[in-house]
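Let's take a friendly walk through a protein model together. Have a look at the picture below before reading on.

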Amino acid sequence: MNPRVFVLALSTFSFGSSAFIFAGLLESMAVDLGVSTGAVGQLQTAYVLTSALAGPPLAMLLGRRERKGVLLTALGAAIAFSLLCMFAANFSQLLVLRAILGGIAALAGPAASTMAASLVPPERRGSAMATVMGGMTIAFLLGIPLGSVVGSAFGWRSTFALSALLSVIAFAAVAFFIPRVQAPAPIKGGKLAIGTAAPLWAATFLAFGANMTISTYIAPIIRLQTGITGAGVGAFQLMIGVGSFIGLWLGGRSADRGKGGLSVTLGFLALATGAGLHELELLGGAPAGAPTYAVVCLAILIAATALFSIMPVVQTRLVEALPTAAPMALALNGSAASLGQGLGGGLGGAMLTNYNAPALTSAAMVVAVTGAIFWAATSGRVKQVAAA
């Protein structure tokens, strides 16, 4: 693998960390900003929704621009707006700044993936783009837990300084080690068959919706389950990164062997299982101490593994079904993922604010089971269309 591909993964690592870097500090942020914990969760929702909505139009607007320049512009803007977030005077200002950051993030992924594909032989392009996407996995494993540790030690505003620092590192690495990359030529005759792709986008939307209903509010959930707050939450968040690695490996093998239909259904059911374990602990499941910690870790691990096992199958089927329009199909799949994260943040916040934490986990189970039923009903038809 060209070492420069790993440099590009730093950009997705920085933006992936930025999206949820304060996830372990929602309650302290709520106190300082004078709003509810559910409201603070909408700072993440605003980020991912703007990213989802801005991605396709920005891809069309800047699709013919030189890729390195686009990526450096996105990273430079991320540095500036992360620092502005650190000094935001109130919740409203912070919400607007987070929304702008989400739009900036929508530029980075497509630019980095295009550059990665241009740096390797054609037979290695899939692995190169997967490596770039792996930056997001590292964000869950290291960046987001580090945010919990730094924020616990220096206050939640310091997490935005950390986010800016990660963008500075990515900016410098891309500027020094990545060559200029011209945008790819437009695909002649490429048409996006909405009817074929829509069920796959919907599966992505539901998978992220189910997972993020809980993950967005993981800090208050862990506090209620274990009594642990602050930096200690980061130790539990590490399980998200471990699960994402396992899930990508399992999903890739399923996709390669053509067994994605059953594996995705099982993935949705595993998401429901993870949510169910969280709910059992919220209702007083395992004895306090190590048994509770083990069950909570298992719940987080199962959910992360399930989510990331679903994604390779969906992406592979999109490429197989729409080979001439795959770039736009994958970009829209990214938007579906962001919209799903927005669904999770909004739904979880509503449940937490108006009801309680067990209601939040119940909502996540409903979304996951809905996804399993939907996939079981549509995956065969999509596969047949792809093979036609």
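Is tyrosine 293 buried, partly exposed or exposed? Tyrosine 293 is partly exposed, because its relative accessible area is 33% and the class in between covers whatever is neither buried (under 20% relative accessible area) nor exposed (over 50%), using a 1.4 Å probe and protein chains only.

A word on the source: this is a predicted model, in which local features need pLDDT of at least 70 and side-chain atom pairs count only at pLDDT 80 or more, while totals for chains, interfaces and linings use all residues. Residues are numbered from 1 along each chain as its sequence is written, and side-chain values use heavy atoms, with hydrogens and water left out.

**Aromatic pairs**

Searching the whole structure turns up three aromatic pairs. Rings of Phe, Tyr and Trp (its six-membered ring) pair if their centres lie within 6.5 Å; planes under 30 degrees apart are stacked, over 60 edge-to-face, and the rest tilted. Here are two of the pairs:

| Pair | Centre to centre | Between the planes | Type |
|---|---|---|---|
| Tryptophan 156 and phenylalanine 160 | 6.3 Å | 85° | edge-to-face |
| Phenylalanine 236 and tyrosine 293 | 6.1 Å | 75° | edge-to-face |

The pair of phenylalanine 236 and tyrosine 293 links distant parts of the chain, 57 residues apart: phenylalanine 236 belongs to helix H10 (residues 231-256) and tyrosine 293 to helix H12 (residues 290-321). Helices (H or I, at least four residues) are DSSP runs, numbered from the N terminus. Unlike partly exposed tyrosine 293, phenylalanine 236 counts as buried because its relative accessibility is 5%. Tryptophan 156 and phenylalanine 160 are both buried, and ring pairs join them with Phe22 into a cluster.

**The nonpolar core**

A nonpolar core is a set of buried Ala, Val, Leu, Ile, Met, Phe, Trp, Tyr and Cys residues joined through side-chain atoms within 4.5 Å. The largest one here has 106 residues, and Phe268 is among those with the most contacts inside it. Contact means heavy atoms within 4.5 Å. Beyond its neighbours within four places in sequence, phenylalanine 268 is in contact with residues including Ala203, Ile310 and Trp375.

**Two more residues**

Serine 163 sits in helix H7 (residues 158-177). It counts as buried because its relative accessible area is 1%. Not counting residues up to four places away in sequence, serine 163 touches Ser18, Ile21 and Ser82.

Alanine 303 lies in helix H12. With the same exclusion of residues up to four places away, alanine 303 touches Asn211 and Leu271.

Notes:
Helices (H or I, at least four residues) and strands (E, at least two) are DSSP runs, numbered from the N terminus.
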